[in-house]
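Me: I would like a close look at a single part of this protein. Please keep the sentences short, since I am in my first year.

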Amino acid sequence: MSENFPEYLTVDYDDGREQTAADYPKLADKLAKAVDVTRIALEQYRRPAVMWTGGKDSTLVLYFVKEVAEEYGHDLPPVVFIDHYQHFDDVTDFVERWAGEWDLELIYARNEDPVFAEHVPGDDVPVASLTEENRRELRRADHEGDTFRFEADSLGGNHLLKTVALNHVIREHGFDGIFSGVRWDEQEARADETFFSPRHDSEKYPPHDRVHSILQFDERALWDATWQYVVPDTVAGWPEGHVPQSYDDMPEGFTAEDIPVSPKYFEGFRSLGTEKGSAKSAEEPAWLQDLDNTTERQGRAQDKENLMARLRDLGYM
């Protein structure tokens, strides 16, 4: 952690308070705000990083970071991929492929409790076999019982496999500003977030800030930005205005692997979590679905969704 954090910052922690996506009505308004937040963050944080899941939200965040860093002459921050042991293979393959394409410093955040190597997701792990730190963190998450379900969609599992893993990386690398792809409209527990969100309680996590550059986007605007800017700006020769109608609907000379869009979205997933805890919303690609009259996270494990406020209090995204 940089010395004297956060005294060297002049970010406005109230920026965005009591706002919604409606305060940024046009795509141009949303884009301009994302660029402004990203520019301020890259100027002020001494050791920033980008949380990147390979999903649509964090990929858009990463796009803004790459573009602003290049335009204003900043170093490209490293990206952090939280490995909770239960990813779709397609997601990890996507992250590794594009980390190479974009020459990213890719850092894996994992809770490497030795006992996890002896189990597979879904196993009940004796709490007594965990490290002292993980037993303490389970107590902090109000876990009860003698066993812990080794999966990332429960309160205790999400905390150990995601939040604790992220905190280890923040502490190890001294990150002071973490770019995160949360949005106001995505989940009720995130509706009160601000663009620069302090995480300064040292009893909960290594003190740092979360930078929320796409709070003002909704799902439709996110896909509009993806097809109008992200793909054309990062894929040389992509025809302007082409939006694929299926996995195979690619311009001549291109395949779906040539574009920074996870193949799971082509399959009908709209929100990606664990392999077990995610499901298709429909058969058509995510951007072609009825985004206005259906729920984006309906395919996610609802036990975890219902616990989101508690998870965020523990330090989750």
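How many nonpolar, polar and charged residues are in the lining of the second largest cavity? Please show me what surrounds that part as well.

Reply: Keep in mind that this is a predicted model. The lining of the second largest cavity has seven nonpolar residues, five polar ones and one charged one.

Here is the cavity itself. Empty space is found by rolling a probe the size of a water molecule over the atoms. The count comes to three cavities of 30 Å³ or more. The second largest holds about 70 Å³ of space. Its lining is made by 13 residues. Five of them lie nearest the centre: K56, T59, T226, P260 and V261. Two helices deserve a look here. Helix α2 covers residues 56-72, and helix α6 covers 219-234. Each of the two supplies at least two residues of this lining.

Now step back to the whole chain. The protein has nine helices and eight strands. Its C-alpha atoms fill a box of roughly 55 × 45 × 35 Å along the principal axes. Is that spread out or compact? A compact globule of 317 residues would have a radius of gyration near 20 Å, and this protein has 19 Å, so the two agree.

Next comes the sheet. Six strands form an open sheet. Read across, the order is β3-β2-β1-β6-β8-β7, with mixed pairing. The edges belong to β3 (106-109) and β7 (196-199). Each has a single partner strand, so one side of each is left without a neighbour in the sheet. From one strand to the next, the twist averages 30°. Strands of a sheet pair through backbone hydrogen bonds, either parallel or antiparallel. One pair to find is β6 (residues 177-179) with β8 (residues 208-211). These two run in the parallel sense and share three bridges. Within this pair, F179 stands opposite V211 in β8.

Helices lie across the sheet too. Helix α3, residues 89-101, lies across β2 (79-82) and β3. It runs at about 150° to β3. Helix α5, residues 155-173, lies across β1 (48-51), β2, β3, β6 and β8. Its angle to β3 is about 130°.

Two backbone details finish the tour. Y85 sits in the loop between β2 and α3. This residue has a positive phi of about 75°, although it is not a glycine. The other detail is at P6, in the segment before α1 (27-44). The peptide bond from F5 to P6 is cis, with omega near 5°.

To return to your part: the cavity has 13 lining residues, and α2 and α6 each supply at least two of them.

Definitions and conventions: Residues numbered from 1 in each chain as written. Predicted model: local features only at pLDDT ≥ 70, side-chain atom pairs only at ≥ 80, totals over all residues. Heavy atoms only, no water. Pairing = 2+ DSSP bridges. Helix = DSSP H or I, 4+ residues; strand = E, 2+ residues; numbered from the N terminus. Axes fitted to C-alpha atoms, helices over the stretch in contact; angles between N-to-C directions. Contact = heavy atoms within 4.5 Å. 1 Å grid on protein atoms, 1.4 Å probe; cavity = no way out; pocket = protein on both sides within 12 Å on 5 of 7 lines; lining within 4 Å. Points joined across faces, edges and corners; volume = space filled by probe spheres on them. Nonpolar A, V, L, I, M, F, W, Y, C, P; charged D, E, K, R; others polar. Rg over C-alpha atoms; globule rule 2.2 N^0.38 Å.
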